[in-house]
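Hello,

Here is the structure I promised to pass on. Please have it open while you read, as my notes follow below.

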Amino acid sequence: MGMLARIRKEWFIIGIVAVIILAKLEPSVGVKGGPLRPEVTITYLAVSAIFFNSGLSLRTEELASAVLHVRLHVLVQGFTLLLFPLAMCLLLRLLALSSINPWLLQGLQTVGCMPPPVSSAVILTKAVGGNEAAAIFNSAFGSFLGIMVTPMLLLLFLGSSSSVPFSSIFSQLFMTVVVPLVLGQLCRRFLRECLERRKLPFGAFSSAVLLMIIYTTFCDTFSNQAIELDHFSLLLTVLIIFSIQLSFMLLMFALCTRRSSGFTPADTVAILFCSTHKSLTLGIPMLKIVFEGYEQLSVISVPLLIYHPAQILLGSLLVPSLRAWMTSRQKPYLLVK
């Protein structure tokens with residue numbers, strides 16, 4: 001394979017490295033309030049574009065059938081909002097014996113309490129070729145559910161409580177997730193024959209949007225003054241976060257690939273990303289509300305600021321391997337069915 005062909009095949013991985021380097025060199029371009037205005041272009045336009053793209057590319061019958069996949073939804077939401085925070089609580093009891101900054105440990109607990117993201121799990125599932133419809137439903141439903149459940153989890157595990165502006169968060173989710181998805185489905189009705197004939201690169205578009213999200217996320221991470229903690233605590237936090245993500249992904253992979261699980265390879269991919277990813281978009285505003293007045297709020301936010309780019313980076317690096325695995329498993333599965 002020639003160099004140009006290799007670049008075309010691995011353009012996404014190369015793009016990840018490139019945008020991280022750019023973010024490190026000049027983080028001010030992509031931070032909130034910077035020239036790119038990510039608080040608008042990413043929070044609203046990019047997320048809306050992702051779900052409009054999904055609505056345009058998804059067959060309506062696939063989306064309808066995904067809603068009825070109750071076992072998958074129960075597994076994803078139960079793991080994300082119940083088992084994940086509980087497992088994190090048990091792990092942190094052991095880590096409390098170490099010399100890690102205790103506020104960072106509280107930040108790790110808040111990560112466990114967060115709902116799934118509204119975009120990254122969908123993009124990665126689509127990039128692999130997994131059950132995109134199930135990923136969309138669980139990302140949207142988990143975000144709405146998390147608005148109510150996350151504050152209660154924070155109260156249970158950390159003893160913090162506050163009133164959360166449900167109406168404003170619900171309206172933002174509705175406008176950036178539900179409306180674009182419905183509009184995409186409506187457009188598909190009129191353009192179905194054209195879309196199926198031309199085979200537009202929906203996956204490449206979603207991957208390009210993900211590169212934008214990765215860039216602005218790392219710009220925020222590199223420019224955040226709260227990251228200037230003692231190197232030992234910070235390094236250990238990064239290692240813990242990557243270990244948690246890998247461990248939980250391996251656990252979910254083992255559960256979903258058992259013969260008795262009843263999940264297809266495409267379902268497994270959606271479950272992997274939806275159950276282990278956490279929302280920065282909803283998480284940071286919630287932390288600012290729930291921990292209002294805390295002097296250590298910036299330190300508490302650090303694990304979530306690390307977790308978000310880590311989950312995108314790890315997920316993106318796993319895309320080629322998961323795609324190859326799913327392709328190899330899909331054909332035998334279809335023959336059995």
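Which residues in H5 meet which residues in H11? From H5 they are Leu-75, Phe-79, Phe-84, Ala-87, Met-88, Leu-91 and Leu-95, and their partners in H11 are Ile-240, Ile-244, Phe-248, Leu-251, Met-252 and Cys-256. By class, the residues of this H5 contact with H11 are 13 nonpolar, no polar and no charged. Here Ala, Val, Leu, Ile, Met, Phe, Trp, Tyr, Cys and Pro count as nonpolar, Asp, Glu, Lys and Arg as charged, and the others, Gly among them, as polar. Contact means heavy atoms within 4.5 Å.

Before I go on, a word on what you are looking at. This is a predicted model, in which local features need pLDDT of at least 70 and side-chain atom pairs count only at pLDDT 80 or more, while totals for chains, interfaces and linings use all residues. Residues are numbered from 1 along each chain as its sequence is written, and side-chain values use heavy atoms, with hydrogens and water left out.

**The overall picture**

The protein has 14 helices and 0 strands. Helices (H or I, at least four residues) and strands (E, at least two) are DSSP runs, numbered from the N terminus. Of the 337 residues, 52% count as buried; buried means under 20% relative accessible area, exposed over 50%, and partly exposed in between (1.4 Å probe, protein chains only). Taking contacts between residues at least 6 apart in sequence, 84% join residues at least 24 apart.

**Two helix pairs**

Back to H5 (residues 70-95) and H11 (residues 231-256): their axes come within 12 Å and cross at roughly 135°. Axes are lines fitted to C-alpha atoms, for helices over the stretch in contact, and angles run from 0 to 180 degrees between N-to-C directions. H5 and H11 are therefore oblique to each other. For the naming, angles under 35 degrees count as roughly parallel, over 145 as roughly antiparallel, 65 to 115 as roughly perpendicular and the rest as oblique. The crossing of H5 and H11 is right-handed; a crossing gets that name if the near helix is turned clockwise from the far one by less than a right angle, and is left-handed if anticlockwise.

The other pair is H2 (residues 11-25) and H10 (residues 202-223), whose axes come within 8 Å and cross at roughly 25°. That makes H2 roughly parallel to H10. H2 passes H10 in a right-handed crossing. The residues of H2 that meet H10 include Trp-11, Phe-12, Ile-16, Val-19 and Ile-20, and those on the H10 side include Leu-211, Ile-214, Tyr-215 and Phe-218. In this contact of H2 with H10 there are 16 nonpolar, 2 polar and 1 charged residues.

**The cores**

Which residues touch the most other members of the largest nonpolar core? They are Phe-51, Ile-214 and Phe-273, in a core of 79 residues. A nonpolar core is a set of buried Ala, Val, Leu, Ile, Met, Phe, Trp, Tyr and Cys residues joined through side-chain atoms within 4.5 Å. Helix H14 (residues 297-336) gives the most to this largest core, with 13 residues. Leaving aside neighbours within four places in sequence, Ile-214 is in contact with Ile-16, Val-19, Ile-20, Ile-312 and Ser-316. Apart from the largest core lies another, of 5 residues, among them Leu-81, Val-149, Leu-153 and Leu-154.

**Some single residues**

Val-269 is in helix H12 (residues 265-276) and counts as buried, at 0% relative accessibility. Beyond its neighbours within four places in sequence, Val-269 is in contact with Thr-125, Val-128, Gly-130, Trp-325 and Met-326. The C-alpha atoms of Val-269 and Arg-323, 54 residues apart along the chain, are separated by 9.0 Å.

Asp-220 is found in H10 and is partly exposed, with a relative accessible area of 23%. Neighbours within four places aside, Asp-220 is in contact with Val-31 and Lys-32. The C-alpha atoms of Asp-220 and Leu-305 are separated by 8.2 Å, with their positions 85 residues apart along the chain counted as the distance apart.

Lastly, please look at Arg-37, in the loop between H2 and H3 (38-57). Phi of Arg-37 is near 50°, a positive value in a residue other than glycine. Arg-37 is partly exposed, at 43% relative accessible area.

Best wishes
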